[in-house]
Amino acid sequence: MNENNHNWCIEEQRLKETIEEARAQLDDALKANEKNREMIQAAKKEIRENTSHGIGNLYGSDGFEALVELSQAMAPVTERTALYEFTEAKITKLRGILDTPYFARIDFCFRDGEQTEPIYIGHHSLKKENAYKMLIHDWRSPVASVFYRFAPGDAWYDAPVGRIEGKLLLKRQFEIKDGHLDFFFDADLQVFDEFLKKLLSSNTSPKMKTIVESIQRDQDLVIRDMENDVLIVQGVAGSGKTSIALHRAAYLMYQGLSDRLQGREIIIVSPHKLFEQYIANVIPELGEENVRTLVFDEIIKDLIDKKFETKNVFLERVLSNGPQSQLKSDSMAFKASADFIKILDRFIDDIPQHLMNIRDIRYKGETIFTRAEIISRLQTNPDTPLKTKLGYLEEAINETVYGKWRRPLKSSVRNEMMRFAEIDALNLYTQLFENDGYFFKIAAGIALPEGIRKMLAVTKRNLIHHHLNYDDAVALAYLSLRLFGAKEYATIKQVIIDESQDYYPLHYEIMNRLFLKSKLTILGDINQTLQKNEDLSFYEAIAKRLNRKKSALVTMNKSYRCTSEILRFSKKFIDDAIPVESFNRSGEEPVLLGAADTESLVEKLCDTINQCQTAGYQSIGLIVKNQKNTMVLFEALQQKMSVNLIRHNTVVEIEGVSIMPLYLSKGLEFDAVLICDVSAENYHSEADKRLLYIGCTRALHRLYLLWEGQPSPLLTD
Ligand SMILES: Nc1ncnc2c1ncn2[C@@H]1O[C@H](COP(=O)(O)OP(=O)(O)OP(=O)(O)O)[C@@H](O)[C@H]1O
């Protein structure tokens, strides 16, 4: 028998053993859950039929005893239900194992000359029942990191007991489907690249997928990092930032049995709802309960509880090149800047002095707190919310009155004394803009933008008419947080922020105060900003603002999404401050197609879509600069074919042919991308260049740029 056949027999035998074990455990689990189900049903029946447990009895004279009895009767049901759910999760895991038990094997020799036990790595671990033998190690286990990080030779991994050093003797990768071994190869870098290329070439799902089998070394370092309180990743388009974010969340949930995180202790801040839906499958596929994802608008909503212009509506207005676009964009840049945070902080400090109408507090003819004392109390400890400090003041009044007159103060008297304590964030925020003189006094010494007077006038007008624009909503959220605090997020231990380049200093200041005890992973690409221009100092400023003990910046320059041709084309829209490397997967050159009028543009779009469908591409993304233009093209296309409309106030499944405004394509990907309106009118500025970069890099295999009339000069620059 030659060595290949010998190895094949060994691997088939191991696979058989693993599958037999998994099948036996699955049978046991199924039987156990059948029993659990029967017991739950019987217990429920007993509760229903035993009249002393009836709900009606709770309202009788023996209500309390009946309640105790009912809760005692319910206890076994609750326990069994928990056991049932636990076993159901195990069943799902075992079914997954039966399909694909593992994808890799490493032979790691702990000491020279020592016998090695092969270590098989899969999505889930499997231990032989009643024995110590691990048949499969979870991809997140410490030893599995050797697979992702080392080529055969010296290797190490960090275990709970410290660093374990040794030699990696073998690194083998498997393709197993439906429990059958299709092939395996012993990793040499070149073969692995071929394997990855095959994976990337066949990517046709409209939903994000796991990358457990092919995580790259630099990606693994980020996924498993436990050293830093703030970990920042600058990664080029398609470098795997979102994939890393999700695998990191699953890793954090697994890491360390004692400090294992629950899904509710992690938050992923994502750019929009559609993106949330796009990534929703990944963490459950990785075998964990889903974590909470939210978009920043939801944080604003929680804090201000008022209707406001959402981020997407803001972007739509800025990108539709209307008369107010520039002003809106400038106003956002200013009101969410570090300088405006200073202005808001000064304003908050000034509130007790000038906006609260505080008077001496008098009781029975005596002054118990002077106005100056109260103001000083409210101005100290700036990090404590004003409302909390007002609560302390109330307690202090009570204590003083009780100490002196030995009687508690009636609440009506206390309320009378503290009439100033009713604070309204929106009302206060409006007062900041009511009078230009007051604003300039608060902002003294701070550099203000050129159009400040116009901005102030527009803000004042909007606030008077109860229009809360996005920039004001963010500022008001900060003000509310400083005035009232927010406990809801206090239990969060890990925050993962994707598309981090699109947030401004004020967003980070809010997140810093909200997630005070949390560690943060921040992933972004400064080449993919919408309506703002950033360089690497952006990340330094974030780290400084978040002010945690340890922070690090990691850069990832290799892009896995696009073919080399698409990436080369896309790179012309960005400067070369950050190198962008391609994974070296080859495909067709991007295609540029002009049309004389809308009718012929629509015809060309239909032809191109048909070609893509004939070529077998399943997800086809039609990207348009803004929603206004999207609607025009959608109406025309709809007459000729079935198209899925994606717009900012709806969340639909992304499948087949979808048309959307560019800002909603952020973070997503499609087999084929058609950027539909690359005319001179639509794309001409530096900011437009970045939009084109974002749009083009959504494409995996094919890219088409179409326009009506004159092509954008950015195509030929
Ligand atoms: N190690 C890997 N193995 C297999 N596929 C990978 C790997 N890393 C990334 N990919 C694939 O590359 C594509 C891009 O990944 P992802 O969306 O995570 O990148 P990104 O950096 O967030 O991109 P962008 O910033 O452009 O939105 C996805 O299809 C992902 O599955």
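Q: What is the volume of the second largest cavity, and why is such a space called a cavity?
A: The second largest cavity has a volume of about 40 Å³. It is called a cavity because, on a 1 Å grid over the protein atoms alone, a 1.4 Å probe fits there but cannot get out. The volume is the space filled by probe spheres set on the grid points, which are joined across faces, edges and corners. The model is predicted, so local features need pLDDT of at least 70 and side-chain atom pairs pLDDT 80 or more, while totals for chains, interfaces and linings use all residues. Residues are numbered from 1 along each chain as its sequence is written, and side-chain values use heavy atoms, without hydrogens and water.

Q: What makes a residue part of a cavity lining, and which residues line the second largest cavity?
A: A lining residue has an atom within 4 Å of a cavity point. Asp225, Met226, Asn228, Arg248, Leu252, Gln494 and Lys519 line the second largest cavity. Its lining divides into 2 nonpolar, 2 polar and 3 charged residues. Asp225, Arg248 and Lys519 line this cavity and count as charged because that class holds Asp, Glu, Lys and Arg.

Q: How many cavities of 30 Å³ or more does the structure hold, and what lines the largest?
A: There are 2 cavities of 30 Å³ or more, and the largest encloses about 70 Å³. Among the residues lining the largest cavity are Lys311, Phe314, Tyr470 and Asp502. By class, this lining has 6 nonpolar, 1 polar and 3 charged residues. Helix H10 (residues 311–319) supplies the largest share, 3 residues.

Q: How do you know that Gln219 makes a polar contact with the ligand?
A: A polar side-chain atom of Gln219 lies 2.8 Å from a ligand nitrogen atom, so the pair meets the limit for a polar contact (N or O atoms within 3.5 Å). Side-chain N or O atoms of Arg561 lie 2.8 Å from a ligand oxygen atom, and for Arg698 the distance to a ligand oxygen atom is 2.7 Å. Of the 640 Å² that the ligand exposes when taken alone, the protein buries 98%.

Q: Which helices give two or more residues to the shell around the ligand?
A: Helix H4 (189–201) and helix H6 (241–254) do so, and H6 gives the most, with 3 residues. The shell comprises 8 nonpolar, 11 polar and 5 charged residues.

Q: What does the UniProt record list for residues 12–50?
A: An unreviewed UniProt entry lists residues 12–50 as "coiled-coil region". In the model, this stretch is 97% helix and 0% strand, with its end C-alpha atoms 56 Å apart.

Terms used
Polar contact = N/O pair within 3.5 Å; in protein donor to acceptor, adjacent residues only side chain to side chain. Areas by Shrake-Rupley, 256 points an atom, 1.4 Å probe, with all protein chains shown as cover. Helix = DSSP H or I, 4+ residues; strand = E, 2+ residues; numbered from the N terminus. UniProt positions renumbered as here; feature names shortened; annotations may be inferred. 1 Å grid on protein atoms, 1.4 Å probe; cavity = no way out; pocket = protein on both sides within 12 Å on 5 of 7 lines; lining within 4 Å.
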